[in-house]
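Trainee: I would like to learn how to read a ligand site, a buried side chain and a small sheet. Please take them in turn.

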Amino acid sequence: METPTIERAPLSPSAKGRYVRNAIMRIRDTLGLFTALHRDYGDIVRYNILFLEFCIIFDPDLIREVLYEKRSSFEKGFIYKRNTVLHGPTLVTGDGEDHLRRRRIIQPFFHRKALDKYAAIMAERAIAKREEWHRGQIIDADREMRHLTLSISLEVFFEDKTRIDNEMAKNLIDLLILDFQLALLPGRQFIKRVLPRYRRLMRLKEPMDDIIRASIRAARANAGERTDLVAFLVHATDESTAAPAFDEFEVLDEVIEMLMASHETTGCTLAWAFYFLSRNPSVRERMEQEIDAVLGRQTPTLADYDRLVYTRAVLDETLRLASPSYYIGRRAIEDCTIGGYFIPAGANVQLCCYASHRNERYFPHPHQFRPERWLEPQPERPRYAYMPFGAGSRGCVGEAFALMSGVYALASIAQRYRLEVVSDQPPALKTMAGYFFKNGLPVEVCERQG
Ligand code: HEM
């Protein structure tokens with residue numbers, strides 16, 4: 001049987017026109033567009049937005065081809081190449097040999113064993129956050145969890161207690177998202193030069209850069225005294241030359257990317273976890289029983305981490321249903337085929353795990369929030385059917401960090417409080433760059449005992 005080429009993929013001219021219009025109209029509802037494309041066209045679909053050609057892939061085996069078998073035919077998505085907020089490539093945005101070099105140097109900082117020393121910080125920060133609240137208070141769980149995860153990242157990355165605050169982090173996220181949106185437009189360099197909001201956010205980034213650069217210079221002056229991420233990067237050396245691996249701006253960019261990659265994703269995942277717990281009281285009770293049995297009223301310690309298995313399953317299940325990175329982007333650097341379909345050089349390929357995370361074949365009763373599924377024998381499923389942290393040589397370097405801080409946060413907060421979602425309506429979503437809450441997540445703080 002002849003293998004179909006992607007040119008012959010089932011996109012009739014009229015459907016294509018409709019989808020282009022839809023895509024432009026729904027640019028802020030990326031998930032809506034992806035869901036419709038999957039429903040109407042299947043596991044691999046081509047579409048265009050504003051002169052850009054996209055190919056979205058939903059099938060885990062085809063995703064594996066892109067991320068594993070044919071990874072040398074792809075580079076990181078074009079949006080990262082168009083980033084002008086940073087001074088140059090980083091672990092997140094770099095490609096090829098440069099990416100591998102950065103990965104080899106930076107990865108050891110995030111190994112599970114290396115992270116053990118941060119367990120106490122993670123637990124203490126979560127308890128401090130919990131103690132800021134009082135019974136009956138309405139808080140925005142999304143905002144609170146982002147602040148918590150930012151405070152954890154700041155302590156782990158900067159031993160010298162930098163003065164980066166939530167406002168600076170929020171401005172930086174706004175800037176990166178705006179940069180991301182503008183990356184789609186022709187004439188973006190000019191637009192960035194004249195757009196008042198872009199210029200204002202770039203100006204607001206300057207004090208943050210200054211603080212990080214001061215921390216970098218202090219770490220350089222005090223060799224061996226600090227063990228945080230900044231000092232680790234400052235003192236990292238190139239294997240072949242033994243020269244410093246990164247200059248000041250490279251360290252600055254890596255730290256900024258790491259702050260962004262770490263706190264928004266983990267914070268949003270925690271907010272989703274509290275959402276699902278509030279909607280599923282029996283799950284919450286089971287998690288609380290585990291926390292009471294393992295911790296009682298004590299602060300969680302390193303030894304407790306591996307005993308909080310159900311709490312960890314709550315996170316795994318949250319990441320199945322509400323993965324902040326529900327799609328990732330790549331760009332074909334040469335002509336190739338995926339699943340027998342032709343992918344031309346330059347095509348923007350999107351790998352979306354949203355559908356496989358909800359596929360009945362891989363996850364029975366896929367729409368139910370059932371953490372116990374992770375503790376039961378699992379149905380056979382392809383390796384890439386569950387990939388909230390990506391996979392392969394670009395899989396998330398902070399996976400262990402995210403899971404560890406997530407377990408400590410859930411356990412410390414649930415020791416004392418239940419966070420009850422205030423509204424009966426499903427939360428509004430913002431899905432252009434991830435699976436985020438559009439208007440936060442208002443919850444009521446309810447004391448568990450007494
Ligand atoms: C629940 C939390 C998190 C989620 C869902 C998540 C998700 C992901 C995903 C899907 C990727 C792969 C992107 C791609 O292939 O294009 C990724 C990469 C990355 N993540 Fe995370 N992440 C999380 C937390 C963290 C944390 C805590 C850190 C740092 C402390 C971090 C740092 C990074 C970095 C540096 C990369 C780029 C790795 C590379 O390209 O080699 N992430 N993350």
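Mentor: Start with one atom pair: a polar side-chain atom of Arg103 lies 2.7 Å from an oxygen atom of the ligand. That is a polar contact, a pair of N or O atoms within 3.5 Å; within protein, one must be able to donate a hydrogen and the other to accept it, and residues adjacent in sequence count only if both atoms are side-chain atoms. This is a predicted model, in which local features need pLDDT of at least 70 and side-chain atom pairs count only at pLDDT 80 or more, while totals for chains, interfaces and linings use all residues. Residues are numbered from 1 along each chain as its sequence is written, and side-chain values use heavy atoms, with hydrogens and water left out.

Trainee: Which elements give two or more residues to the shell around the ligand?

Mentor: They are helices H5 (96–106), H13 (248–279) and H18 (399–416), and strand E5 (327–332). Helices (H or I, at least four residues) and strands (E, at least two) are DSSP runs, numbered from the N terminus. H13 gives the most, six residues. In total 28 residues surround the ligand, each having a heavy atom within 4 Å of it. The closest are Lys76, His99, Arg103, Arg330 and Cys396. Elsewhere in the shell, a backbone N or O atom of Leu91 lies 3.3 Å from a ligand oxygen atom, and a polar side-chain atom of Arg394 lies 3.0 Å from one.

Trainee: Is Glu254 buried or exposed?

Mentor: The general idea is a scale of relative accessible area: buried is under 20%, exposed over 50%, and partly exposed in between (1.4 Å probe, protein chains only). Glu254, in helix H13, is buried at 1%. The backbone nitrogen of Leu91 lies 3.0 Å from a polar atom of the Glu254 side chain, and a polar contact of 2.9 Å joins the side chains of Glu254 and Arg102.

Trainee: How do I read the sheet with the order E4-E12-E9?

Mentor: Strands of a sheet pair through backbone hydrogen bonds, either parallel or antiparallel. Here three strands form an open sheet, with antiparallel pairing; two strands pair if DSSP finds at least two bridges between them. Strands E4 (138–140) and E9 (417–421) are at the edges with a single partner strand each, so one side of each has no neighbour in the sheet. E4 and E12 (residues 442–447) pair over three bridges, and Asp140 stands opposite Pro442 in E12.
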